[in-house]
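Trainee: I would like to request a close look at a single part of this protein. Please take one helix and describe its surroundings in a connected account.

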Amino acid sequence: MGLCQGGEHRPTERTLAAVETTYDQRAPGDDPEWVYWLNEDEITVMAGRCYVELGQAERAVPLLSEVLEHYDERHTRELALYTSWLAEAHVQLGAVDEAVAAAIRTLELTSQITSARSDDRVNLLRRKLQPYRDTPVVAEFEVMVRELANSGWPVS
């Protein structure tokens, strides 16, 4: 089970706090080589993702939005995944327009790469948006997905 799955609020909160404390107290010269990718943005994204998984979208949206405002566009796969979590958080809040805007951005990014995980996230967003399928913005999103599917993008 992952860090933030299964509805484990207290253990997740303790773990997120421990990550922040450990990161703040680290000695970068002593870091193992594999930790090159870990920075404050990635820790913030992990926290945001955890809050999405825990159904605490009101906590996730500001964290994810903050990081996405300045995230490096060259990291397309990560940007697609992080944007998908923001979209999911907006769905949880019932903010359909914001959810679809983030879902469309996720779709645009995902269409530029080959990533089964990103493809799965787009499909998850489609399912999460189904209750709003009669909303024009959701219908527009579905049209975009179908157009990409017609051009060979793997959609289910």
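The account that follows is centred on helix 6 and its neighbours.

Mentor: The model is a predicted one, and I begin with its general outline before turning to helix 6. The protein contains seven helices and zero strands, and from the N terminus on its elements run α-α-α-α-α-α-α. Of its 156 residues, 40% are buried. Among the contacts with a separation of 6 or more, 61% are between residues 24 or more positions apart.

Helix 6 comprises residues 116–129, and one of its partners is helix 4, residues 76–93. The two pack at an angle of about 15°, and their axes are 10 Å apart. Because angles under 35 degrees count as roughly parallel, helix 4 and helix 6 are described as roughly parallel to each other. The crossing of helix 4 past helix 6 is left-handed. On the side of helix 4, the contact is formed by Arg 77, Ala 80, Leu 81, Ser 84, Trp 85, Ala 87, Glu 88 and Val 91. Helix 6 contributes Arg 117, Ser 118, Arg 121, Leu 124, Leu 125, Lys 128 and Leu 129. Sorted by class, this contact of helix 4 with helix 6 holds eight nonpolar, two polar and five charged residues.

Two of the charged residues in that contact deserve separate attention. Glu 88 and Lys 128 form a salt bridge, in which the closest N and O atoms are 3.6 Å apart. Since Glu 88 lies in helix 4 and Lys 128 in helix 6, this pair ties together parts that are 40 residues apart in sequence. The two partners can be compared by their accessibility. Glu 88 has a relative accessible area of 7% and is therefore buried, whereas Lys 128, at 34% relative accessibility, counts as partly exposed. The pair also belongs to a network of salt bridges that links Glu 88, Arg 121 and Lys 128. Arg 121 is itself among the helix 6 residues that make the contact with helix 4.

The next partner is helix 5, residues 96–110, which packs against helix 6 at an angle of about 155°, again with axes 10 Å apart. Because angles over 145 degrees count as roughly antiparallel, helix 5 and helix 6 are roughly antiparallel to each other. Helix 5 passes helix 6 in a left-handed crossing. From helix 5, the residues Ala 99, Val 100, Ala 103, Thr 106, Leu 107 and Thr 110 take part, and they meet Ser 118, Asp 119, Val 122, Leu 125 and Leu 129 of helix 6. By class, the contact of helix 5 with helix 6 consists of seven nonpolar, three polar and one charged.

Ser 118, a residue of helix 6, appears in the contact with helix 4 and also in the contact with helix 5. At 1% relative accessibility, Ser 118 counts as buried. When residues up to four places away in sequence are not counted, Ser 118 touches Arg 77, Ala 80, Leu 81, Thr 110 and Ile 113. Of these neighbours, Arg 77, Ala 80 and Leu 81 are also listed for helix 4 in its contact with helix 6, and Thr 110 is listed for helix 5.

Helix 6 is also linked to helix 7, which spans residues 136–150. Here the side chains of Glu 142 and Arg 126 meet in a salt bridge, with an N to O distance of 2.7 Å. Glu 142 is in helix 7 and Arg 126 in helix 6, 16 residues apart, and the pair links distant parts of the chain. Both Glu 142 and Arg 126 are buried.

To set these pairs in context, a search of the whole structure finds six salt bridges. One of them joins Asp 72 to Arg 74, with the closest N and O atoms 2.6 Å apart. Asp 72 counts as partly exposed at 26% relative accessibility, while Arg 74 is exposed, its relative accessible area being 71%.

A final point concerns the loop between helix 3 (57–68) and helix 4, where His 70 lies. His 70 has a relative accessible area of 47% and is partly exposed. Its C-alpha atom is separated by 9.6 Å from that of Asp 41, and the two residues are 29 residues apart along the chain.

How values were computed:
Residues are numbered from 1 along each chain as its sequence is written. This is a predicted model: local features need pLDDT of at least 70, side-chain atom pairs count only at pLDDT 80 or more; totals for chains, interfaces and linings use all residues. Side-chain values use heavy atoms; hydrogens and water are left out. Axes are lines fitted to C-alpha atoms, for helices over the stretch in contact, and angles run from 0 to 180 degrees between N-to-C directions. Helices (H or I, at least four residues) and strands (E, at least two) are DSSP runs, numbered from the N terminus. Angles under 35 degrees count as roughly parallel, over 145 as roughly antiparallel, 65 to 115 as roughly perpendicular and the rest as oblique. A crossing is left-handed if the near helix is turned anticlockwise from the far one by less than a right angle, and right-handed if clockwise. Contact means heavy atoms within 4.5 Å. Ala, Val, Leu, Ile, Met, Phe, Trp, Tyr, Cys and Pro count as nonpolar, Asp, Glu, Lys and Arg as charged, and the others, Gly among them, as polar. A salt bridge is a side-chain nitrogen of Lys or Arg within 4 Å of a carboxyl oxygen of Asp or Glu. Buried means under 20% relative accessible area, exposed over 50%, partly exposed in between (1.4 Å probe, protein chains only).
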